[in-house]
Amino acid sequence: MELTGRVARVDLADKQDNEELTYLLLALGATVASLEDVEAGVACDLYFFDSADKAQHVPDARLVQVTELPILSGWKDTERGYPSLSSNPFMWGSLVYVCNELLGGCAVSSKAHLRSGGPGRPLILVAEDHPTNQALIKWQLDRLGFDCELAGNGSEALHQFNENIHCMLITDCYMPVMDGYTLAQKIRAKIDSHSGFPILAMTASVLVEEQKRCAAAGINACLLKPLNLDTLREAVNKWMPRATASDDSGSAEVDNDWQSLLALLDTNPELKGLISGFIETSEVDIAYMERLPLNGQPLIEQLHRLRGALRLFNLHELAAQSANLEQALGDTGQVVERADLLEYLQRVQAVLARMKLLV
């Protein structure tokens, strides 16, 4: 997270709380001003205080009152026009969310968000706080051919969300810092009401009240936890905008091969032990083929070698493309461009990259 260039003043009577909050703000990249700095006229963007009578001590700063009372989400709005942040305990996600709200989204994540899958696939944003459930839905979405970006709570998801990148949001209903209902409401407020952006919720309850609460928050459908693959597939297929479907026939072929591979591994799990060797050998072969001339027998032999390995893992469409290249290279009447070869090898490499996730 970054607050680089921002100045904060921490004014808490409790010495331990004062030091802890100072360290958190420094970790966010903020400059923490001393009392002498403020008296000398240093302008502050944020002012953290504990007693209400201090609210006017730092003019023009965004105010955050710190309370020793525990707050389930780590913070809450108050009637005084500024948020209250709990020090019992300080929660990193809550501090980041409060700073983002007050500074208009300036405290943004500088780290790479956790993503799964291969290049060129539709990207779904998932808000889920439990690591086990994160791992499950990550695996399920990969099986269905989607890339996945994970957020640990609603606040993180809200600041990761980009309508131009994400094709769907799947959120848990109950999370710390910000729950799924609030997340859905805030995202609906950010996007065009006619965009049709789909939001699915995961819940452990099937009560009618839960369904109504989801609908009121702008959630399209509720999925009962724990999710099974068929339920998730049906929901995603129902609500996914058609615009996210790829028109690239090559990508479609790769996805068809991927589903065939997964089906093969389901019925023959012992083949998983061969994946690492297949990836290592294929990557070496591909690097070698990229350097070979187009008009020689060695390239045809290497493609033939690769084709046999692809068929072993049910990657039949990639194998058929290899066969077509072999035939064209052996036919003096056909012209094969190097770009055609490289494009094919890139498709194979995309599958290899996804297969590494299975090892």
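**Aromatic pairs in a predicted model**

Trp75 counts as buried, with a relative accessibility of 13%. A good place to start, then, is this residue and its ring partner, as they appear in what is a predicted model. The partner is Tyr97, and the centres of the two rings lie 5.0 Å apart. Their planes meet at 40 degrees, a value between the 30 and 60 degrees that bound the class, so the pair is tilted. Tyr97 also counts as buried, because its relative accessibility of 2% falls under the 20% cut-off. The pair links distant parts of the chain: Trp75 belongs to strand E5 (residues 75–76), while Tyr97 belongs to helix H3 (residues 92–103), and 22 residues separate them.

Further aromatic groupings are worth a look. The structure holds 6 aromatic pairs, and ring pairs join Tyr47, Phe49 and Tyr82 into a cluster. Another tyrosine, Tyr181, has a charged neighbour: the charged end of Arg213 sits over the Tyr181 ring, at 3.8 Å from the ring centre.

Turning to the chain as a whole, the secondary structure consists of 13 helices and 12 strands. The chain has 359 residues, of which 47% count as buried. Among contacts with a separation of 6 or more, 63% are between residues 24 or more positions apart. The accessible surface of the chain is about 18,200 Å², and carbon and sulfur atoms contribute 51% of that area.

Terms used. Residues numbered from 1 in each chain as written. Predicted model: local features only at pLDDT ≥ 70, side-chain atom pairs only at ≥ 80, totals over all residues. Heavy atoms only, no water. Helix = DSSP H or I, 4+ residues; strand = E, 2+ residues; numbered from the N terminus. Buried < 20%, exposed > 50% of the residue type's maximum accessible area, 1.4 Å probe, protein only. Contact = heavy atoms within 4.5 Å. Areas by Shrake-Rupley, 256 points an atom, 1.4 Å probe, with all protein chains shown as cover. Phe/Tyr/Trp six-rings, centres within 6.5 Å; stacked < 30°, edge-to-face > 60°. Lys NZ or Arg CZ within 6 Å of the ring centre and 35° of its normal.
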